[in-house]
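Me: I've got a model open and I'd like to learn how to read it. Can you walk me through a few features?

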2 protein chains.
Amino acid sequence: MNTLDKNMSVSAYMNDIGAKARAAARVMASVPGEHKTAALRAAAQTIGERKDDILAINAHEVEAAIERGQKASFVDRMTLTRARIDDIINALGEIAAQDDPVGKVIRKWSRPSGLDFERVRTPIGVIAVIYESRPNVTVDAAAIAVKAGNAVILRGGSECISTSKALFDCLQEGLASNGLPECAAQFIETPDRAAVGELLSGLDGHVDLVIPRGGKSLIARVQSDARAPVLSHLDGICHVYLDRDADIRKAVDITLNSKMRRTGVCGAAETLLIDRARLDEIWPPVASALREAGCELRGDETIQKIDSNVIPASEEDWRTEYLAPILSVAVVDGVAGAMAHIEKYSSAHTEAIVTENQKTAEAFLFGVDSAIILHNASTQYADGGEFGLGAEIGIATGRLHARGPVGVEELTSYKNIVRGSGQVRP
Amino acid sequence: MNTLDKNMSVSAYMNDIGAKARAAARVMASVPGEHKTAALRAAAQTIGERKDDILAINAHEVEAAIERGQKASFVDRMTLTRARIDDIINALGEIAAQDDPVGKVIRKWSRPSGLDFERVRTPIGVIAVIYESRPNVTVDAAAIAVKAGNAVILRGGSECISTSKALFDCLQEGLASNGLPECAAQFIETPDRAAVGELLSGLDGHVDLVIPRGGKSLIARVQSDARAPVLSHLDGICHVYLDRDADIRKAVDITLNSKMRRTGVCGAAETLLIDRARLDEIWPPVASALREAGCELRGDETIQKIDSNVIPASEEDWRTEYLAPILSVAVVDGVAGAMAHIEKYSSAHTEAIVTENQKTAEAFLFGVDSAIILHNASTQYADGGEFGLGAEIGIATGRLHARGPVGVEELTSYKNIVRGSGQVRP
């Protein structure tokens, strides 16, 4: 199915995919939750059974990418190992185990007219996921979308299209063998870039939501070209603020973990803010822990004065998502100063405060307007799995529909059901 | 403030409005709920006090519109009367009385990591409302947006711009005299159409949401040109389905009310579906009530056979939002047939079923995928006021963010607050 015929235009191929997705979405809206759960469990099992084949296909593609001179970080993201396949299998299990959101009553109320109202969750419909060469996204994204009762159209990076397709086949067989429509998940097989343009155009209204997952250039292209609604995040310029009332141990641990646990994730800290009132005490242990872990430190003028080894930070640094072992450091005047810096420079993704002062913490939690705000915890908890969503399709930094980790429930809509006894409006 | 200087470009004027709105939105996010309530109550009082002046300004504009040869329906929508001003005042009171959504905890949960999670409502930010010559929208839309803690930018139809401005002034004085930022509500005074283009461009990222309110051409333009997210509805092709198990009295009353109470609202029924199994009994009383009320009936072939006075319906009729005393009528095979017709032709706004059979009703309520689905009640209940939202800024037929009547709560976003005790991610 959906193999691109030589005589078929990309546009015709894509429109066919769109129409099939819409038809599948209509069926998906009312399939029993158990079927979705069983389908995802079956997919997990099949992936386990085909582990060796999938690894072989992946090894081939990895080799080709290395030969083409791809960067190490790129190659790393596309590489599968036994452990990474196990992660994919576990994620499928967790998504399968989530409550079925479809049909859930969100709110219930009555009116003096005698009408009874219910808001009931429904799937969104057809979701297109456009991602780079990360094979695990194929399964994560599709599983979350399907669990929420949607039909999904996947367009993955061309460098590991065969690996992604091998994983996808496991998923689709799981759907088909559990009574779900085969086209509830579709995979775009042509590497032709025109296919992305067609997806972004909305396939004649058949795409209800586009989710880009990948680097800045991909997301920027999707945001600028999409005619269908987009759920995405741009940068993750995340801040950690060490308050005058911080516990020094927590300050060190949380800063180190927020920056260095994994530097390439969007929830990694990029800027450290330190309260001037206790700078002399906080800076030395924090700086030494970071340096020991191999982190480059770029400081403002105040930091430069107390630490001659720090690299001067430029205005540009406050606006940069390094995704690397580099941290910019600014000294601020208390929580108000931290909030002002965040308001000016943050990408509204994730920010953390370290303090033992409850009042200061609450001022920060309520005053900062980002998708995720943490008190005494690492910014690297910005993750759907850690939030208990099973897995995530991404972290939304927009302000509409969903904000923060996007899991199963965030990929639903709702409808309004009204029950009467013959009411007419005066 | 914000008066367009002769030497100022529309672009500079609009960007200034955008920056002021963003600054006001930051303040609005944390103003006490009582201030917002008091501001809206003060605005209502001021409108009451200036009723005569406002009516005089409106009379002037109405006269000019008539002289320019505007249609009666257009003139009617822009005309204020004492009763209509009272409606505006009452709507303000109802919006003021709504619960303050900002800061409300939507959900609360904990994780094995020891982290405590809270989803907390926040305002969306800056909302632009673009509407036609209906002065009441000025107050309704602004009040709902402000109650939800947003800053709002209003662009009303030029034919009654002075009436709208007079109402707007009352609102803004209410804000300013109750400690809210004056620019929490701004009114675009220039009739220059380029101002709309600037608004749709998003004013340098300062517009978080655009809401068009008006006819098809306005909404189509906004949907095609907006760079900022849009919340809107297109057509309201609403259906009433009379099932074989319908109570005949309810069938007649609900059909008549759904179609004829007000024919120009988006919740008015445009197509009637009748179950073939009881057509002979249902049709005569329904047809005679509609004809008596002055409704033109256009029927499919089956209806034409049993009623020679019916006008033949064309394929186009099933796709038409008449907004007039015209009703298309199709005969269907039971609830499944009704659902198939709705799936094919509905604009996913509002549909109603009339039946005494609970099982049939539930099949319809859960199977139909529209923003609002009613059982034994008129489609004209598709209204934020009737839903208990105080008032509405419109009925959303999209599937993201909000669906159905958009009131105060629907104009909010949320953020994720996480409380820890020093957690770092392994």
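**Strands across the chains**

Reply: Start with strand S13 (residues 372-377) of chain A, which is joined to S16(B) by 5 bridges, the two running parallel. Strands pair if DSSP finds at least two bridges between them; helices (H or I, at least four residues) and strands (E, at least two) are DSSP runs numbered from the N terminus. This is a predicted model, where local features need pLDDT of at least 70, side-chain atom pairs count only at 80 or more, and totals for chains, interfaces and linings use all residues. Residues are numbered from 1 along each chain as its sequence is written, with chains lettered from A and ligands numbered from 1 in written order.

Me: Which residue in S16(B) is the bridge partner of A:His375?

Reply: That's B:Arg419.

Me: How many residues does the contact take from each chain?

Reply: Contact means C-beta atoms, placed from the backbone, within 7 Å. Here chain B gives 53 residues and chain A gives 53. On chain B's side, S16(B) gives the most, with 11 residues.

Me: And how do I read the packing of H3(A) and H7(A)?

Reply: Fit lines to C-alpha atoms over the stretch in contact, then take the angle between N-to-C directions, from 0 to 180 degrees. The axes of H3 (residues 51-67) and H7 (residues 161-176) of chain A come within 8 Å and cross at roughly 165 degrees. So H3(A) is roughly antiparallel to H7(A) (that label is for angles over 145 degrees). Among the contact residues are A:Ile57 of H3(A) and A:Leu167 of H7(A).

Terms used
Angles under 35 degrees count as roughly parallel, over 145 as roughly antiparallel, 65 to 115 as roughly perpendicular and the rest as oblique. Two residues are in contact if their C-beta atoms, placed from the backbone, lie within 7 Å.
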